[in-house]
Amino acid sequence: EASSRAAREARRHPATATYDACGEAWQVFDFDWTADTLRHRALPESADLPEPRRRSAETAKPGYPGRKRGDVQFCRAALQHAGSALWTHIHLAPGNGDGQEGLERALDSLVATAARVGFARERCLVRMDGQFGHVPGLTACRERGLPVLGRLNRASLLEDPDVLHLLRTATWQHAPDSGSGPTRFATELGDITLRPGKRTRRPDGSAYEPVRVRVVASVYRAT
């Protein structure tokens, strides 16, 4: 109980909020879905040793490891409150897991945490990478009343004539950065409607509705 009280106080402290350029406070939560691989080494066998067993049999199974090397793998869904660095949710899924299910479970934990701590959902910003920058991922946040910031994985937008026209006629503004890497420029593309893919379905087989999102594009100077 004492540790739970301390965690609530840490999340509520003004120093753990994230403030935007207008001085408005947000509670920022970062979601990450990562795969970890395990390599199966030979197990020791001897008459005076117990029957060998692999602990990974309960938590991992073969899957697509990408550039990583391993015999089995598991995926980890993690949600962290950015300001306090406190974990809000974490669970493991064997193999490749189900990323959408992992996201929705994490968002449900966020909603429960917000209710317990006293955060307004509309001030809880979810940050996630391009893996979930699609209609199902954005819909999961919208249905829970959570604003979201992430990268779109809809490369086909770069073939849309209207989007191409906006990019070619845009006024690009320098995006402030740490000064340690390439200089980036950004422009506002406005609200764009994203439609689900033909084979994109909810777990119950029903279709997703289109999602309208505000899109900002960024570029690096060609060298």
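## Strand pairing around β5

In β6, V148 is the bridge partner of V126. This report describes a predicted model. The pairing between β5 and β6 is parallel and runs over 3 bridges. β5 also pairs with β2, again in the parallel sense, over 4 bridges. Within that second pairing, V28 stands opposite L125 of β5.

How much of β5 is buried? Of its 5 residues, 4 are buried, so β5 is largely enclosed by the rest of the structure.

## The antiparallel strands

Strand β7, residues 173-175, is joined to β8 by 3 bridges, and these two strands run antiparallel. H174 stands opposite F185 in β8.

β8 pairs in turn with β9, in the antiparallel sense, over 10 bridges. A217 in β9 is the bridge partner of T187.

## Helix α3

Helix α3 is largely enclosed by the rest of the structure, because 7 of its 9 residues are buried. The buried residues are V135, P136, G137, L138, T139, A140 and C141. They pack against one helix, α2, and against the strands β5, β6, β8 and β9.

Just after α3, G145 takes a positive phi of about 70°.

## Nonpolar cores

In soluble globular proteins, nonpolar side chains tend to be buried together. The largest nonpolar core here has 23 residues, and F31 and L146 touch the most other members. At least two residues of this core come from each of β2, β3 (72-81), α2, β5 and α3. α2 supplies the largest share, 7 residues. Apart from this core lies another, of 12 residues, including V135, L138, V163 and Y208.

What does F31 contact beyond its neighbours within four places in sequence? The list consists of A77, A78, L79, G102, L103, A106, R127, M128 and F132.

## V117 in helix α2

V117 is found in helix α2, which covers residues 99-117. Is V117 buried or exposed? With a relative accessible area of 6%, V117 is buried, because the cut-off for that class is under 20%. Leaving out residues up to four places away in sequence, V117 touches R8, R11 and R12.

A separation can also be given for V117 and G205, which are 88 residues apart along the chain: their C-alpha atoms are separated by 35 Å.

## T88 and A85

T88 is placed in strand β4. Its relative accessible area is 14%, so T88 is buried. Not counting residues up to four places away in sequence, T88 touches R11, F29, L79, Q80, H81, S109, L110 and T113. R11 is thus listed among the contacts of T88 and among those of V117.

A85 lies in the loop between β3 and β4 (87-94). A85 has a positive phi of about 65°, although it is not a glycine. At 44% relative accessibility, A85 counts as partly exposed, because that class lies between 20% and 50%.

## The largest pocket

The largest pocket holds about 1,700 Å³ of space. Several elements give two or more residues to its lining: the strands β1 (18-19), β2 (25-38), β5 (124-128), β6 (148-150), β8 (184-194) and β9 (211-220), and the helices α3 (135-143) and α4 (161-169). β9 gives the most, with 7 residues.

The lining of this pocket consists of 43 residues, and those nearest its centre are L149, G150, R214, V215 and V216. Which classes make up the lining? It has 29 nonpolar, 5 polar and 9 charged residues.

## Elements with several roles

Some elements recur across these sections. β5 pairs with β2 and with β6, supplies at least two residues of the largest nonpolar core, and gives two or more residues to the lining of the largest pocket. α3 likewise contributes at least two residues to that core and two or more to that lining. β9 is paired with β8, is packed against by buried residues of α3, and gives the most residues to the pocket lining.

Definitions and conventions: Residues are numbered from 1 along each chain as its sequence is written. This is a predicted model: local features need pLDDT of at least 70, side-chain atom pairs count only at pLDDT 80 or more; totals for chains, interfaces and linings use all residues. Side-chain values use heavy atoms; hydrogens and water are left out. On a 1 Å grid over the protein atoms alone, a cavity is a set of points where a 1.4 Å probe fits but cannot get out, and a pocket is an open set with protein on both sides within 12 Å along at least five of seven lines; lining residues have an atom within 4 Å of a point. Grid points are joined across faces, edges and corners, and a volume is the space filled by probe spheres set on the points. Ala, Val, Leu, Ile, Met, Phe, Trp, Tyr, Cys and Pro count as nonpolar, Asp, Glu, Lys and Arg as charged, and the others, Gly among them, as polar. Buried means under 20% relative accessible area, exposed over 50%, partly exposed in between (1.4 Å probe, protein chains only). Contact means heavy atoms within 4.5 Å. A nonpolar core is a set of buried Ala, Val, Leu, Ile, Met, Phe, Trp, Tyr and Cys residues joined through side-chain atoms within 4.5 Å. Two strands pair if DSSP finds at least two bridges between them.
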